[in-house]
Amino acid sequence: MWPEIEALKAQAVAARTYVWKNLGQFGDDGYDLCATPRCQVYKGLPAEHPLSDRAIRVTRGMILRYGGKPISALYTATCGGHTEDAVEIFPEEDAPYLK
């Protein structure tokens with residue numbers, strides 16, 4: 001996405017929304033999210049970049065909502081260039097905004 005600031009801003013909002021929607025997912029284990037593909041992967045400080053940091057700052061506090069609640073902001077790095085209704089991949093994700 002470099003150096004497309006608008007794409008980075010959209011990604012920042014989607015990632016933040018994912019976090020809000022999934023806070024407490026691993027509460028029994030003492031943390032909210034993992035750093036694996038299951039939780040969308042976070043590579044830590046070494047992976048941060050000034051342009052993505054800017055996108056994060058500019059969109060601070062913004063999340064996507066449907067019916068007043070954070071959406072399930074599903075995204076993947078391995079879609080093979082294709083899209084599909086989320087319910088076809090994740091049967092529990094039958095939301096109108098994921099078509």
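K9 and E6 pair up through their side chains in a salt bridge, with N and O 3.1 Å apart. Both residues sit in helix 1, 3 residues apart, or about one turn of the helix. Keep in mind that this is a predicted model. A search of the whole structure turns up 2 salt bridges, and the other topics below are a nonpolar patch, the layout of helix 2 and the confidence of the prediction.

**Salt bridges**
- In the K9–E6 pair, K9 counts as partly exposed because its relative accessibility is 21%, just where buried (under 20%) gives way to partly exposed.
- Its partner E6 has a relative accessibility of 52%, so E6 counts as exposed; the cut-off for that class is over 50%.
- K99 and D94 form a salt bridge too, and their closest N and O atoms are 2.9 Å apart.
- Buried or exposed: which describes K99 and D94? Both are exposed.

**Nonpolar patch**
- V19, W20 and L23 make a nonpolar patch of about 280 Å² on the surface.
- V19 belongs to helix 1, which covers residues 5-22.
- How open is V19? With a relative accessibility of 33%, V19 counts as partly exposed.

**Helix 2**
- Helix 2 runs over residues 50-58, and L51, S52 and A55 are buried in it.
- Seen down the helix axis, the buried residues of helix 2 fall within an arc of 100 degrees, so they line one face of the helix.
- What sits on the face of helix 2 turned away from the buried side? That face carries P50 and R57, which are exposed.
- Helix 1 is included in what covers the buried residues of helix 2. That is the helix that also holds K9 and E6, as well as V19 from the nonpolar patch.

**Confidence**
- The protein has a mean pLDDT of 87, and 95% of its residues reach 70 or more.
- Which element of the protein has the highest mean pLDDT, and which the lowest? Strand 1 (residues 65-66) has the highest, at 96, while helix 3 (residues 86-89) has the lowest, at 85.

Conventions
Residues are numbered from 1 along each chain as its sequence is written. This is a predicted model: local features need pLDDT of at least 70, side-chain atom pairs count only at pLDDT 80 or more; totals for chains, interfaces and linings use all residues. Side-chain values use heavy atoms; hydrogens and water are left out. Patches are made of residues with over 30% relative accessible area and no salt bridge: like charges are joined within 9 Å, nonpolar side chains (Val, Leu, Ile, Met, Phe, Trp, Tyr) within 5 Å. Accessible areas come from the Shrake-Rupley method with a 1.4 Å probe; for residues, only the protein chains shown count as cover. A salt bridge is a side-chain nitrogen of Lys or Arg within 4 Å of a carboxyl oxygen of Asp or Glu. Helices (H or I, at least four residues) and strands (E, at least two) are DSSP runs, numbered from the N terminus. Buried means under 20% relative accessible area, exposed over 50%, partly exposed in between (1.4 Å probe, protein chains only). pLDDT is the predictor's confidence in each residue, from 0 to 100. The arc is that of the directions from the helix axis to the C-beta atoms. Contact means heavy atoms within 4.5 Å.
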